[in-house]
Amino acid sequence: MKIRKERSVLIGDYYNTPQTSLMTFHFEPDSERELRPCSIRHASIENKDLYVIDNYFDKEACAETRRYFEKASYSRLSYSTSDSEMEEEHPGYSMNTKERWSLFYQPPASIRELHELLGELSVRLNAEISTAPWELSHQAEAVTPSVIVNYHTQVSPKSMLAGRHRDCDPAKGLFYGIPILYKEKGAVHENSFENGATGKPWLVSALLYAASECFLPEYRMGTVYYKTDGEAEMKTDCLDGRLVLFEGDLFHSVEDSHIPPEAKPWRTSYVLKLVINPREETQNVKQAFSEFSQKWSSEVSELCTGALMRI
Ligand SMILES: [Fe+2]
């Protein structure tokens with residue numbers, strides 16, 4: 001697995017603080033190889049794509065990751081938005097900068113496989129796939145990292161609603177520059193663009209679940225996805241080793257828990273905020289991924305969304 005570091009540029013002064021790290025990490029392939037088969041299900045919520053990918057990661061690799069998260073330390077309380085803290089959202093736990101770096105630099109098996117997969121996909125899509133800047137920090141609010149682990153043992157219904165957020169909002173404007181790969185060196189995309197439009201980057205979050213051995217999907221704490229009016233459209237169950245790719249400007253939150261008193265489960269989601277950047281002006285990487293998913297898995301099924309849709 002090869003990961004190349006590159007420093008991005010800041011737009012505006014909002015995140016111009018000593019804590020901000022503009023380092024981005026580019027996933028590159030070692031050598032082109034066949035991707036393992038998997039099951040892919042696709043849904044679209046207000047034209048935002050969501051892919052649920054199951055059975056890609058090896059069981060032993062998932063077990064190694066589970067053991068890692070069981071022993072890991074989580075030194076930060078995490079709130080989904082700065083507003084939700086005010087609304088008494090029940091916080092989860094997340095890693096501080098050092099803990100996240102140690103995980104990213106020497107990841108357990110299924111996370112290593114995820115990084116390798118992203119390198120392979122960059123070849124298939126003829127795009128660069130990188131993280132957003134490592135950490136954008138403003139004095140008045142919490143840090144916004146591009147590599148995150150959210151650890152939960154319980155989630156209240158209030159917390160689920162207060163936690164609705166987007167991972168990014170390129171239509172409104174980004175605070176960092178994304179290089180235009182088909183123009184002269186130094187050129188960057190306008191900071192505001194339609195996510196995944198032709199010639200533009202596609203900002204996607206990759207979410208990999210892990211859960212304790214005693215965890216059952218009926219304990220919930222998966223992810224809920226919403227329309228822009230706040231109505232829930234779909235839920236993905238937390239299944240150990242399940243990968244979900246969704247457009248970063250799709251509203252989502254952690255689902256509330258339904259845990260019997262005698263059970264003591266935990267679950268984590270490892271989230272990468274990704275930039276999928278086309279190499280050609282005429283390319284549409286969102287469309288290219290849709291076409292590639294059909295080749296990757298012979299059984300891509302389409303999901304009809306609606307508040308009761310749970311997979
Ligand atoms: Fe998120």
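Colleague: Which residue in E18 is the bridge partner of Ala-127?
Modeller: In this predicted model, strand E8, which covers residues 127–131, pairs with E18 in the antiparallel sense over five bridges. Ala-127 belongs to that pairing, and its bridge partner in E18 is Pro-278.

Colleague: How many bridges join E13 to E18, and which residue of E18 stands opposite Ala-206?
Modeller: Strand E13 spans residues 202–211 and strand E18 spans residues 267–278. The two run antiparallel and are joined by 10 bridges. Within E18, the residue that stands opposite Ala-206 is Leu-272.

Colleague: Which residue stands opposite Arg-267 of E18?
Modeller: Strand E11, residues 147–152, also pairs with E18, in the antiparallel sense and over six bridges. Opposite Arg-267 in E18 stands His-152.

Colleague: How many of the residues of E18 are buried?
Modeller: In a regular strand the side chains alternate between the two faces of the sheet. From E18, Arg-267, Ser-269, Val-271, Lys-273, Val-275 and Asn-277 point one way, while Thr-268, Tyr-270, Leu-272, Leu-274, Ile-276 and Pro-278 point the other way, and all are buried. The strand is therefore largely enclosed by the rest of the structure, the count of buried residues being 12 of the 12.

Colleague: Why are the buried residues of H1 on the same side of the helix, and what arc do they cover?
Modeller: An α-helix has 3.6 residues a turn, so residues three or four places apart point the same way. The buried residues of H1 are Cys-62, Thr-65, Arg-66, Tyr-68 and Phe-69. They lie on the same side of H1 because the arc that they cover around the axis is only 160°.

Colleague: Which residues are exposed on the other side of H1, and which elements are included in what covers its buried residues?
Modeller: Helix H1 runs over residues 59–71 and reaches 19 Å from its first C-alpha to its last, close to the 18 Å expected. On the other side from the buried residues, those exposed are Glu-60, Glu-70 and Lys-71. The cover over the buried residues includes helix H4, strand E13 and strand E18.

Colleague: At what angle do H1 and H4 pack, and how far apart are their axes?
Modeller: The contact brings Ala-61, Cys-62, Glu-64 and Thr-65 of H1 together with Ala-109, Ser-110, Ile-111 and Glu-113 of H4. These residues divide into four nonpolar, two polar and two charged. The packing angle is about 115°, and the distance between the axes is 6 Å.

Colleague: What is the order of the strands in the open sheet of three, and which residues of E15 and E17 stand opposite Tyr-225?
Modeller: The pairing in this sheet is antiparallel and the order is E15-E14-E17, with E15 and E17 as the edge strands, each pairing on one side only. Four bridges join E14 to E15, and E14 pairs with E17 over four bridges as well. Opposite Tyr-225 stand Met-234 in E15 and His-252 in E17.

Colleague: Is Ser-301 buried or exposed?
Modeller: Ser-301 is placed in strand E19, residues 301–302, and is 42 Å from Tyr-14 in space, C-alpha to C-alpha. A residue counts as exposed if 12 or fewer other C-beta atoms lie within 10 Å of its own. Ser-301 has 12 other C-beta atoms within 10 Å, and is therefore exposed.

Note on methods: Residues are numbered from 1 along each chain as its sequence is written. This is a predicted model: local features need pLDDT of at least 70, side-chain atom pairs count only at pLDDT 80 or more; totals for chains, interfaces and linings use all residues. The expected span of a helix is 1.5 Å times one less than its number of residues. A residue is buried if 20 or more other C-beta atoms lie within 10 Å of its own, exposed if 12 or fewer, and partly exposed in between; C-beta atoms are placed from the backbone. The arc is that of the directions from the helix axis to the C-beta atoms. Two residues are in contact if their C-beta atoms, placed from the backbone, lie within 7 Å. Two strands pair if DSSP finds at least two bridges between them. Axes are lines fitted to C-alpha atoms, for helices over the stretch in contact, and angles run from 0 to 180 degrees between N-to-C directions. Ala, Val, Leu, Ile, Met, Phe, Trp, Tyr, Cys and Pro count as nonpolar, Asp, Glu, Lys and Arg as charged, and the others, Gly among them, as polar.
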